[in-house]
Amino acid sequence: MGSEVYHNLKKVIAKKYGQDACNVGDEGGFAPNILENKEGLDLVVEAIEMAGYTGAIHRQPAAASRARFYTYSPCQLWHFSLLGDFALAGKVKIGMDVAASEFWKEEEKVYDLDFKTENNDKSQYKTGEELLTHVYKDFVDNYPMVSIEDPFDQDDFDSCAPPSAALTARVVTEPALYVDC
């Protein structure tokens with residue numbers, strides 16, 4: 001299941017960005033030059049659809065299957081895992097490892113979604129609450145998302161408390177804290 005989606009993802013990326021965008025990055029992930037995070041999720045969803053694994057999810061155990069996909073954009077790095085182990089009847093959902101510590105600005109207590117742009121205009125600065133209620137909630141509401149790992153910096157305690165009230169996905173933080181929402 002994961003392998004089929006992975007190979008379809010390669011086709012989707014090659015068609016949209018060219019064969020050079022199909023070079024494999026860390027841990028076997030692709031790294032197309034996307035402009036925004038939703039674009040990466042759209043690629044994954046298209047690959048899931050091409051593989052024929054769409055539809056309702058039932059949380060019953062199936063054989064575990066994973067494929068990794070990394071998006072590197074001017075804004076962020078997101079890591080998506082295709083979670084076949086939550087599937088029944090060949091359906092696939094998405095788990096995301098945000099690695100929010102990579103774009104946390106400790107001194108300002110914000111997340112810089114444009115952290116890869118040197119001397120950016122700070123227009124993409126988000127508080128933890130904004131990240132949760134605008135960005136992550138949008139992902140959960142509009143994509144087949146079942147898991148969000150490391151959505152906040154490990155020292156951003158104020159943002160770590162409210163996820164269960166706002167999301168309908170599992171939130172995973174380090175060290176190994178699972179919150180089913």
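A residue counts as buried here when its relative accessible area is under 20%. The model on screen is predicted, and the tour below goes from the whole chain to single residues.

**The whole chain**

Show the cartoon for the full protein. It contains five helices and nine strands. Read from the N terminus, the elements follow the order α-α-β-β-β-β-β-β-α-β-α-α-β-β. The protein has 181 residues, and 46% of them count as buried. Take the contacts between residues at least 6 apart in sequence: 57% of these join residues at least 24 apart.

**Stop 1: Val146 and strand E7**

Select residues 145-149, which form strand E7, and pick out Val146 within them. Val146 has a relative accessibility of 6%; because this is under the 20% limit, Val146 is buried. The strand around it is mostly covered, with four of the five residues of E7 buried.

Now add Ile94 to the selection. Ile94 and Val146 are 52 residues apart along the chain, yet 5.9 Å separates their C-alpha atoms.

**Stop 2: strand E3, alongside E7**

Extend the selection from Ile94 to residues 93-97, strand E3. How many of the five residues of E3 are buried? Five of the five are, so the rest of the structure largely encloses this strand. Turn on the side chains and look along the strand: Lys93, Gly95 and Asp97 point one way, while Ile94 and Met96 point the other way. The residues on both sides are buried.

E3 and E7 run parallel and are joined by four bridges. Two pairs can be picked out residue by residue. Ile94 has Met145 of E7 as its bridge partner, and Gly95 has Ser147 of E7.

**Stop 3: Asp150, after E7**

Move on past the end of E7. Asp150 sits in the loop between E7 and helix H4 (157-160). Most residues other than glycine have a negative phi. Asp150, which is not a glycine, has a positive phi near 50°. Is this loop residue buried or exposed? Its relative accessibility is 15%, so Asp150 counts as buried.

**Stop 4: the sheet E4-E5-E6**

Next, select strands E4, E5 and E6. They make an open sheet of three strands in the order E4-E5-E6, paired antiparallel. E4 (104-105) and E6 (125-126) are the edge strands; each has a single partner strand, so one side of each has no neighbour in the sheet. E5 covers residues 110-112, and two bridges pair it with E6 in the antiparallel sense. To find one of the bridges, select Tyr111 and its partner in E6, Lys126.

Step back to Lys109, in the loop between E4 and E5. Lys109 is another residue with a positive phi, about 60°, without being a glycine. With a relative accessible area of 47%, Lys109 is partly exposed.

**Stop 5: helices H1 and H2**

Go to the N-terminal part of the chain and select H1 (residues 2-17) together with H2 (residues 37-51). Two packed helices are described by the angle between their axes and the distance between the axes. For H1 and H2, the axes come within 8 Å and cross at roughly 125°. The two helices are therefore oblique to each other, and H1 passes H2 in a right-handed crossing.

Show side chains where the two helices meet. From H1, the contact uses Glu4, Val5, Asn8, Leu9, Lys11, Val12, Ile13, Lys16 and Tyr17. From H2, it uses Glu39, Leu43, Val44, Glu46, Ala47, Ile48, Met50 and Ala51. By class, the contact between H1 and H2 has 11 nonpolar, one polar and five charged residues.

**Stop 6: Asp138 in H3**

Finish with helix H3, residues 128-142, and select Asp138 in it. Asp138 has a relative accessibility of 19% and so counts as buried, the limit being under 20%. Which residues does Asp138 contact, leaving aside neighbours within four places in sequence? They are Lys38 and Tyr143. Display Lys38 and Tyr143 with Asp138 to see these contacts.

Technical notes
Residues are numbered from 1 along each chain as its sequence is written. This is a predicted model: local features need pLDDT of at least 70, side-chain atom pairs count only at pLDDT 80 or more; totals for chains, interfaces and linings use all residues. Side-chain values use heavy atoms; hydrogens and water are left out. Buried means under 20% relative accessible area, exposed over 50%, partly exposed in between (1.4 Å probe, protein chains only). Two strands pair if DSSP finds at least two bridges between them. Axes are lines fitted to C-alpha atoms, for helices over the stretch in contact, and angles run from 0 to 180 degrees between N-to-C directions. Angles under 35 degrees count as roughly parallel, over 145 as roughly antiparallel, 65 to 115 as roughly perpendicular and the rest as oblique. A crossing is left-handed if the near helix is turned anticlockwise from the far one by less than a right angle, and right-handed if clockwise. Contact means heavy atoms within 4.5 Å. Ala, Val, Leu, Ile, Met, Phe, Trp, Tyr, Cys and Pro count as nonpolar, Asp, Glu, Lys and Arg as charged, and the others, Gly among them, as polar.
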